[in-house]
Amino acid sequence: GFQFVIVLVTDGEPESLRMIKRNLKYFGDFGRHARHIIFRNVGTARVRDEARMWSAFYADAELQELIHTNHAVVEDFPKMHGNAEMQIIKSDDQAFWSSAQDKTRFKLVSRKRIRTFIDNAFSIIEQSGVFVTDAQET
């Protein structure tokens, strides 16, 4: 068979929470043909106090019920250390991997920060178990 993996990302803001609820309601009907993973994007959140930042996420009873009903996996996406590097990547609309290789735009330390972020992100995705194939489960 087949299975869709639906990846949703939130920064904790009300609009992203509404989008997640809409997606979980709509794609919840796919049942065993869809898996959901929700990334709480810690690196883009505007509020510095993490408890306050995610309070709306956890206080939203409808959202929590949809997460539970759809067996959605919730993971924290890592923060990249290096605001200057992140601003360059955003402003140039570059991919992270190409930025990690770009010796003209980034010095060694910056490229290392970007590679560490990529490694951490992939590790979290792998640990979530959402992308496990049937062959890996047996």
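**Group meeting: a walk through the predicted model**

Hi everyone, so here we have a chain with eight helices and three strands. Please keep in mind that this is a predicted model. If you read along the sequence, the pattern goes β-α-β-α-α-α-β-α-α-α-α. The chain has 138 residues, and 36% of them count as buried. For those of you who think in contact maps: taking contacts between residues at least 6 apart in sequence, 63% join residues at least 24 apart.

Let's start with the strands. Strand β1 covers residues 4-10 and runs parallel to β2, with seven bridges joining the two. To find your place in that pairing, look for valine 5, which stands opposite arginine 35 in β2. On to β3, residues 73-77: this strand also pairs with β2 in the parallel sense, over five bridges. A handy marker here is isoleucine 38, which stands opposite valine 74 in β3.

Now, why is β2 described as largely enclosed by the rest of the structure? Strand β2 spans residues 34-41, and seven of its eight residues are buried, so the description follows from that count.

Next, a pair of helices. In general, two packed helices are described by the angle between their axes and the distance between the axes. For α1, residues 14-27, and α4, residues 61-69, the angle is about 40° and the axes are 10 Å apart. Angles under 35 degrees would count as roughly parallel, and the α1 and α4 pair is therefore oblique. As for handedness, α1 passes α4 in a left-handed crossing. On the α1 side, the contact is made by Leu17, Ile20, Lys21, Leu24 and Lys25, and on the α4 side by Glu62, Leu63, Leu66 and Ile67. Sorted by type, the residues of this contact come out as six nonpolar, three charged and no polar.

Last stop: phenylalanine 96, which you will find in helix α6, residues 96-101. Is this residue buried, exposed or partly exposed? Its relative accessibility is 26%, so phenylalanine 96 counts as partly exposed. Which residues does it touch, once we leave aside its neighbours within four places in sequence? Phenylalanine 96 is in contact with Met80, Met86, Ile89, Ile114, Phe117 and Ile118. Take isoleucine 118 from that list: phenylalanine 96 and isoleucine 118 are 22 residues apart in sequence, while their C-alpha atoms are 7.3 Å apart in space.

That's my tour, and thanks for listening!

Definitions and conventions
Residues numbered from 1 in each chain as written. Predicted model: local features only at pLDDT ≥ 70, side-chain atom pairs only at ≥ 80, totals over all residues. Heavy atoms only, no water. Buried < 20%, exposed > 50% of the residue type's maximum accessible area, 1.4 Å probe, protein only. Helix = DSSP H or I, 4+ residues; strand = E, 2+ residues; numbered from the N terminus. Pairing = 2+ DSSP bridges. Axes fitted to C-alpha atoms, helices over the stretch in contact; angles between N-to-C directions. Parallel < 35°, antiparallel > 145°, perpendicular 65-115°, else oblique. Left-handed = near helix turned anticlockwise from the far one by under 90°. Contact = heavy atoms within 4.5 Å. Nonpolar A, V, L, I, M, F, W, Y, C, P; charged D, E, K, R; others polar.
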